[in-house]
Amino acid sequence: MVKMVPNIHDGSLKMFECDIYHKPTDAFNYFNFESCAPGHIPRNVPYNLARRIATIVSKITWQKKRLEQLRPRLKNRGYPERLIDDAIAKAMALKREDLINTKRTRIKEKQLTLVIDYYPNYEDPATKIREICNHTFPMTDKGKADKLQTPKIIAARRQPPNLGRILSLNQTRDHTTSGNNKEGVFTKCQDKRCKLCTLNVIPDKTYTTKNGTKLTRRTNMNCKTRDLIYMLICPTCKKEYIGETGIQLNSRMNLHRNQMNNPQYRILNSSSDMFHTGGFGSQTEAIQGDPPHVKYGSVYAFG
């Protein structure tokens, strides 16, 4: 947050006062002190947060207020009180002018970054590799010794795969048949219990909305594809509704159908609009078992 301070002599705005603003919904979920990580990472979190406040906030009174607000937030994340006090005192001892004008110097020394999964019981890989090199190539030969010293080995650690990462997918699943080599094709699953197969699902790879936006389906999909973005088109009123789902597309359409047929379940405004205009549209007949006035139109899945 930047505040303009007027000049008391001519009323012009020449000075800037900077402060930090947090949204009311900010949960302040900082890195937990008890998390499985190298010890230097949680130990440096309080200092870096305090240094950030000292760099951004321009007035000393504001700095002290923001730092005091930071203290209970860090305590809630399991940080020791002594570590918090040392970090705040260290940040307050720095001059804001020096923090703003800090210039990073490029490291001219050749470096080799070794990235491995972090496990608390593992030894430092860089130290281990140097021990192996020293044992394999005795340092009697100065030329070999120079080569082993350059480049410098830096150990970088990354979070190992956990259950959440294994179960979640970053890419859209492809549930289409293996014989279809084309990209961006939507094929119906042909399951007798699938009600989405009876709807008018747009098979085209691209679709242009009424405001001119071009949408593209970049992977093969079918009724059981998860983790996608879809659009419902009503040809009666020309309205377009865009939604996203992590469950199967046909299951999401069943939820839309249930919300339209039962007023007590209509959470989205689009459900009421589609109900009053005759469902998703009138391109297809009503599905057996649904009220006769509810008809369903077009569905386009694209991402």
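What is the handedness of the crossing of α2 and α3? In this predicted model, the crossing of these helices is right-handed. The packing is described below one helix pair at a time.

Helix α1 spans residues 40-56 and helix α2 spans residues 60-76. Their axes lie 10 Å apart, and the packing angle is about 155°. Because angles over 145 degrees count as roughly antiparallel, α1 is roughly antiparallel to α2. The crossing of α1 and α2 is right-handed. On the α1 side, the contact is made by Pro46, Leu49, Ala50, Ile53 and Ala54. These meet Gln63, Arg66, Leu67, Leu70 and Leu74 of α2. Sorted by class, this contact has eight nonpolar residues, one polar residue and one charged residue.

The other pair joins α2 to helix α3, which covers residues 81-92. Here the angle is about 155°, with the axes 10 Å apart. That angle makes α2 roughly antiparallel to α3. As stated at the start, the crossing of α2 and α3 is right-handed. From α2, the residues in contact are Gln63, Lys64, Leu67, Arg71, Leu74 and Lys75. Their partners in α3 are Glu81, Ile84, Asp85, Ile88 and Met92. By class, the contact of α2 with α3 has five nonpolar, one polar and five charged residues.

Helix α2 takes part in both contacts, and some of its residues appear in each. Gln63, Leu67 and Leu74 of α2 meet residues of α1, and Gln63, Leu67 and Leu74 also meet residues of α3. Arg66 and Leu70 are listed in the contact with α1, while Lys64, Arg71 and Lys75 are listed in the contact with α3.

Notes. Residues numbered from 1 in each chain as written. Predicted model: local features only at pLDDT ≥ 70, side-chain atom pairs only at ≥ 80, totals over all residues. Heavy atoms only, no water. Axes fitted to C-alpha atoms, helices over the stretch in contact; angles between N-to-C directions. Helix = DSSP H or I, 4+ residues; strand = E, 2+ residues; numbered from the N terminus. Parallel < 35°, antiparallel > 145°, perpendicular 65-115°, else oblique. Left-handed = near helix turned anticlockwise from the far one by under 90°. Contact = heavy atoms within 4.5 Å. Nonpolar A, V, L, I, M, F, W, Y, C, P; charged D, E, K, R; others polar.
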